[in-house]
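Work through the exercises below with the sequence and the model open side by side. Each task is followed by a solution in steps.

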Amino acid sequence: MSKLTFNKRNFYLLFTLLLSFAFLLAACGDKTSKSSEQENKASEEGKTEEASREITHAMGTTTVKGTPTKIVTLYQGATDVAVAMGIKPVGAVESWAEAPIYNYLKNDLDGVTIVGQETQPNLEEIAKLKPDLIIASKVRHEEIYDQLSQIAPTVAHETVFDFKGTAEMMGQAMNQEDKVKELLGNWDNRVADFQTKMKEKLGDQWPLHVSVVNFRADHARIYVTGFAGSILSELGFKGPKNLKDDSLEIVKLTDKESITQMNADVIYMFMENDEAVKKVYEEWTNHPLWKELDAVKANQVYQVDEINWNLAGGILSANLMLDDIYDKFELEK
């Protein structure tokens with residue numbers, strides 16, 4: 001056998017072995033690639049299924065995917081809760097006072113787009129922001145809920161003053177339930193602390209009757225429930241002593257003869273800085289029936305911040321309101 005023949009035979013043998021090895025590698029690589037693709041697909045499907053949540057709320061059920069990052073809040077309490085959760089909305093409605101944003105929220109909401117009034121949001125401005133979640137309320141936005149839902153997934157609370165319900169709904173929708181649990185847990189601890197300290201301070205006199213009074217240009221109001229009333233009830237206070245109908249959220253008093261319905265151990269009152277309102281306040285508080293109220297005789301009538309006690313409606317303002325009550329009773333916070 002010649003040297004040339006030997007070299008050719010070895011060359012073909014080596015070539016055949018290399019070719020077979022290449023086919024083997026390709027087959028393994030294809031199998032590995034397909035297996036990897038299948039695993040990735042299954043993983044993504046699992047994530048999608050995990051991240052999609054059905055949120056039940058006052059207007060029905062809404063599917064929310066992932067963790068929303070572009071939030072629009074359409075009532076004051078929702079804006080407050082978002083800030084408490086450490087989230088800056090891309091859009092929010094204008095505040096009722098200190099417009100466009102309450103002073104206590106201004107630093108956290110610098111640059112946020114204002115999308116109209118709480119009672120009349122600007123749908124076009126909301127759409128421009130391309131949100132991935134809208135927080136609304138049935139009492140304010142029932143008529144435009146379908147339009148809002150066409151812009152982005154929209155969840156709605158029944159009211160605007162239930163800060164706990166707002167927080168729980170937002171925690172579910174925003175995939176932040178642990179954060180909300182922490183916030184509400186801290187609140188519950190403060191409530192328990194307040195009740196303990198009031199019992200220690202007042203003994204058998206606790207619980208006290210309290211009345212939340214608001215003077216308007218042509219009448220006065222007692223807030224039985226609502227934001228302030230609900231919080232005071234949770235803290236352990238009782239309502240006004242002589243109220244004829246305590247099933248109402250707000251009792252409107254149109255004549256001074258109704259002043260007796262305000263009677264309580266403590267009166268908290270707020271009003272707008274308006275000349276017509278001041279006139280009503282002066283007329284009512286100079287009436288003989290006012291001077292006979294228990295809180296007036298005990299010098300337990302306090303003027304409070306309307307924003308913290310009524311307009312803001314969130315967990316941050318609830319804590320500010322509680323701070324105020326601690327201070328009024330000279331309790332250590």
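**Exercise 1.** Find which strands helix α6 lies across, and at what angle the helix runs to β9.

Solution. Start at residues 163-173, which form helix α6. This helix lies across β8 (133-137) and β9. Its direction runs at about 165° to β9; axes are lines fitted to C-alpha atoms, for helices over the stretch in contact (heavy atoms within 4.5 Å), and angles run from 0 to 180 degrees between N-to-C directions. Helices (H or I, at least four residues) and strands (E, at least two) are DSSP runs numbered from the N terminus.

The model is predicted, so local features need pLDDT of at least 70 and side-chain atom pairs pLDDT 80 or more, while totals for chains, interfaces and linings use all residues. Residues are numbered from 1 along each chain as its sequence is written, and side-chain values use heavy atoms, without hydrogens and water.

**Exercise 2.** Place β9 in its sheet: in what order do the strands lie?

Solution. The order is β5-β4-β3-β8-β9, an open sheet of five strands with parallel pairing. Two strands pair if DSSP finds at least two bridges between them. At the edges are β5 (113-114) and β9 (154-157), each paired on one side only. Next, take β4 (residues 91-92), which is joined to β5 by two bridges. Gly-91 has Thr-113 in β5 as its bridge partner.

**Exercise 3.** Describe the sheet that contains β10, and identify the helix packed on it.

Solution. Five strands in the order β12-β11-β10-β13-β14 form an open sheet with mixed pairing. Its edge strands are β12 (250-253) and β14 (301-303). From one strand to the next, the twist averages 25°. Within the sheet, β10 (residues 210-215) pairs with β11 (residues 220-223) in the antiparallel sense over three bridges. Asn-214 stands opposite Arg-221 in β11. Helix α9 (residues 275-285) packs on the sheet and touches β10, β11, β12 and β13 (266-271). The direction of α9 makes about 135° with that of β10.

**Exercise 4.** How many cavities of 30 Å³ or more does the structure hold, and which residues line the largest?

Solution. On a 1 Å grid over the protein atoms alone, a cavity is a set of points where a 1.4 Å probe fits but cannot get out. The structure holds one of 30 Å³ or more. The largest cavity has a volume of about 70 Å³, taken as the space filled by probe spheres set on the points, which are joined across faces, edges and corners. Lining residues, with an atom within 4 Å of a point, include Ala-92, Tyr-102 and Ile-114.

How values were computed: 1 Å grid on protein atoms, 1.4 Å probe; cavity = no way out; pocket = protein on both sides within 12 Å on 5 of 7 lines; lining within 4 Å.
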